[in-house]
Amino acid sequence: SLLQSLMDKALGLWDLVDTTVHASPWIAIGVTFLSVLIVNYAYIDHKLRGPAWKRLFYLIASIIKNIPVFIKPAITAELEGAQRSITAMIHKGDSSKDWLTELPDHGLDRLNILTTLVKYSKRENNGTLKREKPAYLQGAVSGAVFNRELNSEESKLNKAVFGFSAYANPLWPAIFPEIRRMEAEVVEMTKTMLNGGEEVCGTMTAGGSMSVLQACLAHRNRAYARGVIFPEMILPSSAHVAFYKAAEMFRIKVVEIKVGDTDYVVNPCRVKAAINGNTCMMVGSVPNYPYGTCDDIKALGEIAINTGVPLHVDACCGGFLIPFFDQKDNIPAFDFRVNGVYTISADTHKYGLAPKGSSVILYKDKETREFGFYKDVDWSGGIYCSPTIEGSRNGSAIAVTWASLLFNGKQNLRESASSVRRVTRELRERISQLDGMEMMGHGDVCIVAWHNTKVCDYKLNDLLEKEGYFLSSLQFPTGAHLMVTPLHGSTGYVDGLIDAMRRGIQQLLKNPGLDTGGAAPMYGASVQIPDRSLISSLAEIYLKTVYSFPPPVSSRVGEADPQEPLEPEFAHEIFGDLEMEARRLMGEDVPVADQNEEVEAEAADEFAHLLD
């Protein structure tokens, strides 16, 4: 039979190998050594770069994409079309005649520079100097900016504090002791708010992503210290992209757990099942960015206690929001009251209402924080150490964050949180009643996510953008969301958005093939193309275009555009005496001796308004 024939051939081959081995044992040693090398390389390669089948897929796709007949020209044509569309979007309103490419031979005067600033602003506003508030202050944008900027005293305070600390660098604490104290106090205030005990400590960072990077670095180094060679971290598929960035930077393997199809939260049982000897951390979000749902931190904390795997709570969105919610709602604990929580990231520049960019990373104890420190005692430049990945840091960001927290206090943060949750719940209720809408999870903290079963979510987003509502698109699965900020609590915003959504849905129901002329084609293609390298190419085009100049570039710094002179007289009329304004902001009693100085004071106020 065929089976018997195969067995006979296998036995014959074994006899041949056995005879060879007896004849030359060095062959056996060589074969064994080579086999171990191959297996070891394959294991390390798998740990560091992921499954081989996935890389093989992309290799085959790359070969196919470069077939010179039909396929490569077609792809090239599509990418060139995308380049033109992205360039038109990024450089809309830009002139190609006055981009600055060199330092001036001599420094420009103050009015020249400020007039140029106004010219840039005019271009961003379709060639007119608009005096009304920017679109984001009208609540037109999802997330992005969180302070309503209505309090003139707060604006003056921030400007004065920024001026006081503009050149401060916390890398030199002995030279800038006030910045050192401010940072320590911001960390301590955040720790108290999140119920940290005496051992809880932390640092400030430049934003939520940096706080996430710091947490991942500390947990990776902790794993290294206990002998782990190939650390892994367990992420819900809803975790922020900063964790994937950290995994790439610090060579941590991501074990991704898909969130539920209906509740959009991670199943703690699946997290527990994924833990092994290499697991250096696991993550829960409060709430997560895509859907606004909160993971079960208490259940994850119990897993952390039982397994010894640290739990990081990503509270970048909810950290300065949930503590100020009405406690009658019996909100589940997510902070250091939960045993098993090792680190928490919380953004002061979101619902802490501080200017961009600042965040806080907290550690359960000093030992954990030390794993995130960097120290080099053998550097030729001297003994070096820094508390975060960054070396020099922006001292003014620390100072204005400190000032902003003190200015707003618990009362303002509580009122802001109440407004955000009220609008979030109202939007969730009213959006769910629109034709074809299905809510993605039960997020009622600050993010509302949805999917429409009857029309294309991406086309609906394009139509809403044309009406002045800028929302965020989701993929895998398709959908959209709005991150609610205090800016959305203004009168009429919710009614206006719901009416615009209703009109957009009706328009798409009547004409499903409507060309909305926005990002819908790119997102529509993204969710259908299995080769993600093509989508990556689009992202690269976008980033390159952000740093590109619209050709041709001909002007040097300091050379006025012949069609648009700098008009220093006009600039002085707008800006007034900036030195006098600075003194006024610092609280000095500046006398107004005559009508001209009074006009200049008013002009200085106008300049502050323009910068606002």
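# Notebook: two sheets, one helix and a lysine

I began with an open sheet of 4 strands, ordered β10-β11-β13-β12 and paired in the antiparallel sense. Here two strands pair if DSSP finds at least two bridges between them. Helices (H or I, at least four residues) and strands (E, at least two) are DSSP runs, numbered from the N terminus. I looked up the edges next: β10 (437–439) and β12 (472–474) each have a single partner strand, so one side of each is left without a neighbour in the sheet. Neighbouring strands of this sheet are turned by 35° against each other on average, with direction ignored.

Before going on, I noted that this is a predicted model, in which local features need pLDDT of at least 70, side-chain atom pairs count only at pLDDT 80 or more, and totals for chains, interfaces and linings use all residues. Residues are numbered from 1 along each chain as its sequence is written, and side-chain values use heavy atoms, with hydrogens and water left out.

**Entry: inside the 4-strand sheet**

I checked the pairing of strand β11 (residues 447–452) with strand β13 (residues 479–483) and found 4 bridges in the antiparallel sense. Ile447 has Met483 in β13 as its bridge partner.

**Entry: helix α14**

I then asked which strands α14 lies across. They are β10, β11, β12 and β13, and the helix runs at about 175° to β12. Angles run from 0 to 180 degrees between N-to-C directions, and the axes are lines fitted to C-alpha atoms, for helices over the stretch in contact. Contact means heavy atoms within 4.5 Å.

I looked up how covered the helix is. Of the 10 residues of α14, 8 are buried, so the helix is largely enclosed by the rest of the structure. Buried means under 20% relative accessible area, exposed over 50%, and partly exposed in between (1.4 Å probe, protein chains only). Among the buried residues of α14 are Asp457, Tyr458, Leu460 and Leu463.

Lys459 sits in α14 (residues 457–466). I wanted to know whether Lys459 is buried or exposed. Lys459 counts as buried because its relative accessibility is 18%. Lys459 and Pro512 are 53 residues apart in sequence, yet their C-alpha atoms are 9.1 Å apart in space. Just after α14, I noted a positive phi of about 95° at Gly468.

**Entry: the 7-strand sheet**

I moved to an open sheet of 7 strands, in the order β1-β7-β6-β5-β4-β2-β3, with mixed pairing. Its edge strands are β1 and β3 (253–257), each pairing on one side only. From one strand to the next, the twist averages 20°.

Strand β2 (residues 232–236) pairs with β3 over 5 bridges in the parallel sense. The bridge partner of Met233 in β3 is Val254.

I looked for helices packed on this sheet. Helix α8 (residues 208–225) touches β1, β2, β4 (279–285), β5 (311–314), β6 and β7, and its direction makes about 25° with that of β7. Helix α11 (residues 297–307) touches β4, β5 and β6, and its direction makes about 170° with that of β4.

**Entry: strand β1**

At the β1 edge, I found 5 bridges to strand β7 (residues 359–363), and the two run antiparallel. Thr205 stands opposite Ser359 in β7. For strand β1 (residues 201–205), 5 of its 5 residues are buried. Both faces are covered, with Cys201, Thr203 and Thr205 buried on one side and Gly202 and Met204 buried on the other.

**Entry: Lys350 and the cysteines**

I checked the UniProt record, an unreviewed entry, which lists Lys350 for "modified residue: N6-(pyridoxal phosphate)lysine". UniProt positions are given in the numbering used here, feature names are shortened, and annotations may be inferred rather than shown by experiment.

Where is Lys350 found? Lys350 is in the loop between β6 (341–346) and β7. Lys350 counts as buried because its relative accessibility is 15%. Leaving aside neighbours within four places in sequence, Lys350 is in contact with Phe146, Cys316 and Cys317. The side chains of Lys350 and Asp347 are joined by a polar contact of 2.4 Å. A polar contact is a pair of N or O atoms within 3.5 Å; within protein, one must be able to donate a hydrogen and the other to accept it, and residues adjacent in sequence count only if both atoms are side-chain atoms.

I then searched the whole structure for disulfides (pairs of cysteine sulfur atoms within 2.5 Å) and found 0. Cys316 is in no disulfide, and the nearest cysteine sulfur, that of Cys317, is 6.8 Å away. Cys316 counts as buried at 8% relative accessibility, whereas Cys385 is exposed, with a relative accessible area of 51%.
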